[in-house]
Amino acid sequence: MRTETVIKAVNSIARVSMKGRQVNGLFRLMTNPDVLWKQAYANIYPNKGAITQGVNKNTLDGFSEERVNHLIGMLVTRRYCPKPVRRTYIPKKNGKLRPLGIPTGNDKLVQEVVRILLERVYEPIFSRYSHGFRPRKSCHTALRQICDVWAGTKWIIEFDIKGFFDNINHAKLIDILEKKIDDKRIINIIRKMLKAGYMEDWHFNKTWSGTPQGGVISPLLANIYLHELDMFMENMMLQFNKGKRRKHNPEYALIGSRMQTANQKLQRLKMGLKCYNPADNTREKLLRKRRELQKQMHKIPSVDLFDPDYRRLRYARYADDFIIGVIGSRKDAELVMQQVKAFLENELFLEAATDKTCIKSARKGVRFLGYDVKVYSGEKLKKQICGHGTCLKMTIVQRMQVQTPQEKLLQYASKKSYGNIAAFKPVSRPELLQRSDLEILLAYNAEMRGSELLQPCSKI
């Protein structure tokens, strides 16, 4: 195939997928050496582990047309078989070790080509509630969506899936892929990747479940697997959501009516007219009464927060971490949690960790993506235009807020020798004493980005 034809065919994959049709011809695109393979190498060669060895000395070093043609030839003749990954362990924050698999260079290259094709198929149809391992999506977009949409949430359901990446069911994943991909050769390549196994202490171990450990294709396969959960949650939202607006709070409406009456009486006095009740002819008494009514209105909500005819369901997911927001009763939240647990177990063959999966009040909040997510109502009042006049309204009412955990701030400040944040007492850093102002600024900026502290340099 000509290069222009391949580019046009790759760009058309998204349109076919968005129409709900199956996509075919992916393997034919994969056998063109000019477009996808060069893009795949350009995507992964800057990574730190590009030249890390797997079970043999084969790395990404030495990319050439001969290497690409050799891999394509093995794929066409069905002789390609992924090597087992070399398993190593990296420390986790809680002190435990996380297993990490290192594929060979050729396997990384093949995985990236397949990943590019799969991303063209699935990225256009992925849910807007999915934020992990996607282009132009991140933890920040997930948290921003929560802050913008989750106002008024009463309950937050926190889910934790036991060993998600290690427990993905291979047969179920292949069934999900076959719904959108009508190309058995691509499916067989992915199946071989899933069954490649791993080497640990020079012993071969088969992989009965889970995605290729450490492979570049693993995050996308995980998103494809949990796309079923996203679709389930969107359907549940349509069934759960009820009512357009909450009912008005009768108590708030009563106080508002008294407020309006007081304003009318003040207007009559301003026009030189007397009120029907002689006790209301004193302007100071009416102003005092209106201030008391305003204080009462600011203490109670204007709508019925427990209106049974108004319900909303919210959802946000980053990789295998997801939370659900419920505007409704506690029983509604418990029913939703049971239904999601049943779907995970019966449809995706995954198990929710009972000790970490729970329902919490939105006022107390949950820890999500390293931040505390909770409902917040401020006490600050702001004058706003109401009809033909002005009134005082609360600036923040039942809004979702994202806060940095205090213990993380203290830990970070102690690690970087910034001082005692709780007491607002800084400490000196003698290692920066001999640096120029610009070097000090660059050092602090690097630390704020999460980079390593800059090494001392003679001139800048």
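**View 1. Salt bridges in the predicted model, with one pair shown close up.** The structure holds 16 salt bridges, and, as the model is a predicted one, this count and the other values in these legends are computed from its atoms. One of the pairs brings together the side chains of Arg-134 and Glu-123, which meet in a salt bridge with an N to O distance of 2.7 Å. Both partners belong to the loop between α5 and α6, where Arg-134 and Glu-123 are 11 residues apart, and the pair is one that links distant parts of the chain. Helix α6, at the end of that loop, covers residues 139-149.

**View 2. The crossing of helices α5 and α8.** Helix α5, formed by residues 105-122, and helix α8, formed by residues 184-194, approach each other so that their axes come within 11 Å and cross at roughly 130°. Because of this angle, α5 counts as oblique to α8. The crossing in which α5 passes α8 is left-handed. From α5, the residues Val-110, Gln-111, Val-114, Leu-117 and Leu-118 take part, and they meet Ile-186, Ile-189, Ile-190 and Met-193 of α8. Sorted by character, the residues of this contact of α5 with α8 comprise eight nonpolar and one polar, with no charged residue among them.

**View 3. The packing of helix α1 against helix α5.** Helix α1 spans residues 3-18, and its axis and that of α5 come within 7 Å of each other, crossing at roughly 35°. On the side of α1, Val-10, Asn-11, Ile-13, Ala-14 and Ser-17 are in contact, and in α5 they meet Leu-117, Arg-120 and Val-121. The contact of α1 with α5 is made up of five nonpolar, two polar and one charged residue. Leu-117 of α5 is listed here as a contact of α1, and Leu-117 also appears among the residues of α5 that meet α8.

**View 4. The four-stranded open sheet.** Four strands form an open sheet in the order β2-β1-β4-β5, and their pairing is mixed. At the edges stand β2, residues 97-102, and β5, residues 203-205, each of which pairs on one side only. From one strand to the next the twist averages 45°. Strand β1, residues 85-91, runs parallel to strand β4, residues 198-200, and the two are joined by two bridges; in this pairing, Arg-86 has Met-199 of β4 as its bridge partner.

**View 5. The hairpin of β1 and β2.** Within the sheet of four strands, β1 and β2 pair in the antiparallel sense over six bridges. Ile-90 stands opposite Arg-98, a residue of β2. The hairpin has five residues between its strands, and in this hairpin Gly-95 takes a positive phi near 95°.

**View 6. The three-stranded open sheet and helix α6.** A further open sheet is built from three strands in the order β9-β10-β13, with antiparallel pairing. The edge positions belong to β9, residues 366-368, and β13, residues 399-403, and each of these has a single partner strand, so that one side of each is left without a neighbour in the sheet. The twist from one strand to the next averages 35°. Between β9 and strand β10, residues 371-376, the antiparallel pairing extends over three bridges, and Val-366 stands opposite Val-373 in β10. Helix α6 packs on this sheet, where it touches β9, β10 and β13, and the direction of α6 makes about 150° with that of β13.

**View 7. The surroundings of Glu-228.** Glu-228 is a residue of helix α9, which runs over residues 218-240. When residues up to four places away in sequence are not counted, Glu-228 touches Ile-176, Lys-179, Phe-343 and Leu-348. Gly-49 is a reference point elsewhere in the chain: Glu-228 and Gly-49 are 179 residues apart in sequence, and their C-alpha atoms are 32 Å apart in space.

Conventions:
Residues are numbered from 1 along each chain as its sequence is written. This is a predicted model: local features need pLDDT of at least 70, side-chain atom pairs count only at pLDDT 80 or more; totals for chains, interfaces and linings use all residues. Side-chain values use heavy atoms; hydrogens and water are left out. Axes are lines fitted to C-alpha atoms, for helices over the stretch in contact, and angles run from 0 to 180 degrees between N-to-C directions. Angles under 35 degrees count as roughly parallel, over 145 as roughly antiparallel, 65 to 115 as roughly perpendicular and the rest as oblique. A crossing is left-handed if the near helix is turned anticlockwise from the far one by less than a right angle, and right-handed if clockwise. Contact means heavy atoms within 4.5 Å. Ala, Val, Leu, Ile, Met, Phe, Trp, Tyr, Cys and Pro count as nonpolar, Asp, Glu, Lys and Arg as charged, and the others, Gly among them, as polar. Two strands pair if DSSP finds at least two bridges between them. A salt bridge is a side-chain nitrogen of Lys or Arg within 4 Å of a carboxyl oxygen of Asp or Glu.
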